[in-house]
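Please look over the following structure with attention to how its strands pair and how its helices pack. The briefing below takes these topics in turn.

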Amino acid sequence: MESTEVESDILRRVRTLLRELDGHHPACQCDRGMLRWTLHKKIDQNPSNSSVLVRILVKELERAERGDFRHYIIPLLHTLMYTLIKAPGISDELCSRVYDFCKKLLTLPKPFCTIGLDYATRLKMERTAPGMLYQRMVISEQSLKSDPYPYQEKIFIFADPELLSEAICNALVTDTEAARVSQSPRACMSYVIIHAMQAALGEGCDISGLKRSLQDMPTSDLEHWFQQVVSTVECPGAEASADRSQHAARLEKIYCAILSSWQAGDAPLGGLQGTPLPNPNISFHLWTEDDQLWKELVLFIRPLSQSCEPSCLSQDLDNFEIQDIISDCECCKQTRFSVLSTDSGIERDLPAAAEEPFAPFGTETEQSRLQRKGGIKKKPSPLESVAFLQAGCNGPGAKSPVRPQRRPGTPPEPAAPPQRLHTARIVLLGDDRILGRLAQAYHSLRKRETRRVFLTPRLNLQFYYIPVVTEQTNTLATVDQAATSQEELCEVAAYLGRADPWYESNINTLCHMIPKLATMPSSPSKHLVTDLFITDVIAYYVRMGIQPVCFQVYAVKIFFNDPAQEPAEDVFLTELRTQVQESISPRELSTTKKKTTLDGPGIDLTVTYRKVVVSERAKELAMSLRSTGLVMKAIPADEAEDLVCLNVNITEIIKINNLSGRSFSAVANRLKTRNIQIRSTEQRPFTVCLDKDSRRTYRNVISVEVSPCLEPSYCLQKTRTMKFSVHETEDVGFVKYMPKSLLLPINTFAGVIQ
């Protein structure tokens, strides 16, 4: 009777979760976004009910497929997989049913087939070696040392201190520090061993005795058994003829060896017990510097604590000559690192490796030729040094710093490409303004990587976004919120919520919940909620949010009314807004007043744009009008619309002559384009504000040019190709297969569901 009540209670919770996806929100608004969290917490309190939840979720998935409720499938599948990863033991029969359902999804369009293939691949490994998914997640998230699975992950939370209140920032710092309590390497290694044994041996495993044995043994012995378990679990995944029973037999030997070596004694078996899934490695950062993102990523791959001796320099970053090419590439004109080369290119001039030491800095004479006199000496950052970057390349696939001798005519052995062993998960907290900063930082990072490749071949970069809107009293918030409402400040989140209902249910609900939790009075119940809820939701999002939605980044070139001032180049992600600039000098004020009386408010503009048509044929149009301002929106109002399209709203002033005199009316002109140029024909300036951020406002502007931002590596390769094919206008060779536009991918649970 008790099991029936448990099953009915879990079924009721699952059905309530599905009703929320249909827009039927719970009666208590405080429960919005917490239904999934409370369901998983209930199972964590009684892990033996994991199989009950998995069985119910499988039935609901099959029912959703038969009834064509496709919007239920991905949320149910994510809930099921998260339960399966944490569960102490799921029967092969249940795993087989889930695996068969995932294979059925391969016949559906994206994103169903993509998610189905990914989960089918994982389930196949889990069926062969139970506990593998849990083990890999803990090893990578905690950066545990393991040769069979050497991957590392880290979550970076970035928040703009000028956009979020001090209370929210302090609460997030407290929560991330509290999350590290369960992250000791010893505890995590014990969790991996216990979970693997329980998943393979089931209820025949003495969990209490195993815990006592692992707790009492020295750390060196614990590391030894951890490596044994990891090797045993990882080996069947690589073998085509692996069998579940053979895997259980191997782990049983290790299990008996651990208990016998520490004389655990006989104890009654306590059944299945839950193994905690430790919180991932999370660091919180206040975004105060423009290049802070790049610095944190470099330190993640190559910590400053590691040695960076000159003798460790590697030459694999200088395999190709790009100096002349970069000088012609507009998007890459920035300061570049240089490495002094003393190689004449003649083989007999090579020093013997055993006789002459490696001298990367050359002789004093050669150094004196590179000295720059009369300039300001700037102390470089350790992260900017070539030695630091090149020393970071001496990992898998890096070349030896000393060039080995080879016989004449023998081709050199190609170096193995570096593996992407690191995954950085960047979580942005805030509104559209912090995403504008992210677009700037991402564009800068791509340009830096084009000049000198370091992160790209070694780092898997994932972006996540959690909207947070709060009432602030500082000047920046007052200025920005006066022009835009809270809903307009979260256009990206609103679009993602419409495209992915599971994102709307779990992440968009945090928009107002995080500020409320941060400002709650200090109490035991407050710590109970915040320490678990916020950290758990972020962990769930980065673990299960694997489908990117790619947003086009737009480049803008800004010309000023002062001819001596160089044009400014910038990028934006969500919005560009222009407004007529108020006159400053008395002469300009007098002229403006006369012009306003005759022609109405605003300024005369010439707008040239390329119209977006279904046939993709270029159609250039131009028009002249008088306007008080315009707004370019890059985020569509409907998820079915094209993401690579600007919706431009121009406020046009029309003069009306009637018997009572002259009057003016404002008319909204709407157009769709990807390339547009706006110029003031009166030479009267206007202001340009990017991504709704008053800090990114340009004044005294007379012309702007907007177009999709190109991928810097594409620009470099195209410039390189054009040097040898001057008359070619279309992309040829390798350029044809490179991504042309710079897209910013933000991960959600399902991507865009059509």
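In this predicted model, R425 of strand β3 stands opposite Q462 in strand β4, and the two strands pair in the parallel sense over nine bridges. Between β3 and β4 the chain passes through helix α17 (residues 432–451), and this β-α-β crossover is right-handed.

**Strand β3 and its other partner**

- Strand β1 (residues 152–159) is joined to β3 by eight bridges, and these strands also run parallel.
- Within that pairing, I157 stands opposite V427 in β3.

**Burial of strand β3**

- Because nine of the nine residues of β3 (residues 422–430) are buried, this strand is largely enclosed by the rest of the structure.
- The burial extends to both faces of β3, with H422, A424, I426, L428 and G430 covered on one side and T423, R425, V427 and L429 covered on the other.
- R425, which stands opposite Q462 in β4, is thus listed among the buried residues of β3.

**Packing of helices α6 and α7**

- Helix α6 (residues 112–128) packs against helix α7 (residues 132–142) at an angle of about 110°, and the axes of the two helices lie 8 Å apart.
- Since angles of 65 to 115 degrees count as roughly perpendicular, α6 is roughly perpendicular to α7.
- On the α6 side the contact is made by R122, M125 and E126, while α7 contributes M132, L133 and R136.
- By residue type, the contact of α6 with α7 comprises three nonpolar and three charged residues, with no polar ones.

Terms used. Residues are numbered from 1 along each chain as its sequence is written. This is a predicted model: local features need pLDDT of at least 70, side-chain atom pairs count only at pLDDT 80 or more; totals for chains, interfaces and linings use all residues. Side-chain values use heavy atoms; hydrogens and water are left out. Buried means under 20% relative accessible area, exposed over 50%, partly exposed in between (1.4 Å probe, protein chains only). Helices (H or I, at least four residues) and strands (E, at least two) are DSSP runs, numbered from the N terminus. Two strands pair if DSSP finds at least two bridges between them. A crossover is right-handed if, with the strands pointing away from the viewer, the path from the first strand over the helix to the second runs clockwise. Axes are lines fitted to C-alpha atoms, for helices over the stretch in contact, and angles run from 0 to 180 degrees between N-to-C directions. Angles under 35 degrees count as roughly parallel, over 145 as roughly antiparallel, 65 to 115 as roughly perpendicular and the rest as oblique. Contact means heavy atoms within 4.5 Å. Ala, Val, Leu, Ile, Met, Phe, Trp, Tyr, Cys and Pro count as nonpolar, Asp, Glu, Lys and Arg as charged, and the others, Gly among them, as polar.
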